[in-house]
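The following exercises concern helix packing and burial. Each task is followed by a solution that proceeds step by step.

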Amino acid sequence: MKINFAQLEVYTDIKKTNKVCIDVREQISEMIYEVGSGIKDHALAFKIYNSTSEVELTNEELEILKKYINQYCKPAFIEAFLEATKEKVEVEELKEDESK
């Protein structure tokens with residue numbers, strides 16, 4: 001799955017009428033680097049930090065991200081991340097169905 005952490009769309013109000021596109025690469029990388037453990041977390045932090053566009057994430061990396069985002073991020077960001085990954089999953093599932 002690919003996610004562009006340099007251009008993540010986040011709602012700025014609970015009514016979801018306003019969105020901003022923000023670069024969260026440094027914040028996400030710092031979070032993983034500070035609270036994570038192990039070489040996989042270290043590699044993921046630098047993979048996101050050094051990215052210039054979309055980042056290809058494995059299922060394992062996605063699960064690591066979900067764990068930290070759900071535990072340490074604000075609700076608006078959690079929702080933005082879930083929306084970004086949900087849209088990608090739906091598109092990938094459609095592609096799989098079409099190829100069958």
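**Exercise 1. The pair H1 and H2**

H1 and H2 pack with their axes 8 Å apart, at an angle of about 170°. The model is a predicted one. Determine how H1 and H2 are oriented relative to each other, and describe their contact.

Solution. Angles over 145 degrees count as roughly antiparallel. H1 and H2 are therefore roughly antiparallel to each other. From H1, the contact draws on Arg-25, Glu-26, Ile-28, Ser-29, Ile-32 and Tyr-33. From H2, the participants are Asp-41, His-42, Leu-44, Ala-45, Phe-46, Ile-48 and Tyr-49. Sorted by class, the residues of this contact are eight nonpolar, two polar and three charged.

**Exercise 2. The faces of H1**

Identify the buried residues of helix H1 (residues 25-35) and decide where they lie around the helix.

Solution. Buried means under 20% relative accessible area. In H1, the buried residues are Ile-28, Ser-29, Met-31 and Ile-32. Viewed down the axis of H1, these buried residues fall within an arc of 160°, so they line one face of the helix. An α-helix has 3.6 residues a turn, so residues three or four places apart point the same way. Gln-27 and Glu-34 are exposed on the other side of H1.

**Exercise 3. The geometry and faces of H3**

Compare the span of helix H3 (residues 59-72) with the expected value, then assign its buried and exposed residues.

Solution. At 1.5 Å a residue, the 14 residues of H3 should span 20 Å. The end C-alpha atoms of H3 are 20 Å apart, which agrees. Buried in H3 are Glu-61, Leu-62, Ile-64, Leu-65, Tyr-68 and Ile-69. Down the axis of H3, its buried residues fall within an arc of 160°, so they line one face of the helix. Asn-59 and Gln-71 are exposed on the face of H3 turned away from its buried side.

**Exercise 4. H3 against H1 and H2**

Classify the packing of H3 with H2 and with H1, and give the residue classes in each contact.

Solution. Helix H2 (residues 39-49) and H3 pack at an angle of about 90°, and their axes are 11 Å apart. That angle makes H2 roughly perpendicular to H3. H2 contributes Lys-40, Asp-41, Leu-44, Lys-47 and Ile-48 to the contact, while H3 contributes Glu-60, Glu-61, Ile-64, Leu-65 and Tyr-68. The residues of the contact of H2 with H3 comprise five nonpolar, no polar and five charged.

For H1 and H3, the angle is about 95° and the axes are 11 Å apart. H1 and H3 are therefore roughly perpendicular to each other. Ile-28, Met-31, Ile-32 and Val-35 of H1 meet Leu-65, Tyr-68, Ile-69 and Tyr-72 of H3. The contact of H1 with H3 has eight nonpolar residues, with no polar and no charged ones.

**Exercise 5. Two individual residues**

Decide whether Phe-81 and Lys-2 are buried, partly exposed or exposed, and locate each in the fold.

Solution. Phe-81 belongs to helix H4 (residues 75-99). Its relative accessibility is 1%, so Phe-81 counts as buried. Beyond its neighbours within four places in sequence, Phe-81 is in contact with Ile-3, Leu-62, Leu-65, Lys-66 and Ile-69. Phe-81 and Glu-9 are 72 residues apart in sequence, with their C-alpha atoms 8.6 Å apart in space.

Lys-2 is part of strand S1 (residues 2-3). At 41% relative accessibility, Lys-2 counts as partly exposed. The C-alpha atoms of Lys-2 and Ser-53 are separated by 9.4 Å, and the two residues are 51 residues apart along the chain.

Definitions and conventions
Residues numbered from 1 in each chain as written. Predicted model: local features only at pLDDT ≥ 70, side-chain atom pairs only at ≥ 80, totals over all residues. Heavy atoms only, no water. Helix = DSSP H or I, 4+ residues; strand = E, 2+ residues; numbered from the N terminus. Expected span 1.5 Å × (residues − 1). Buried < 20%, exposed > 50% of the residue type's maximum accessible area, 1.4 Å probe, protein only. Arc of directions from axis to C-beta. Axes fitted to C-alpha atoms, helices over the stretch in contact; angles between N-to-C directions. Parallel < 35°, antiparallel > 145°, perpendicular 65-115°, else oblique. Contact = heavy atoms within 4.5 Å. Nonpolar A, V, L, I, M, F, W, Y, C, P; charged D, E, K, R; others polar.
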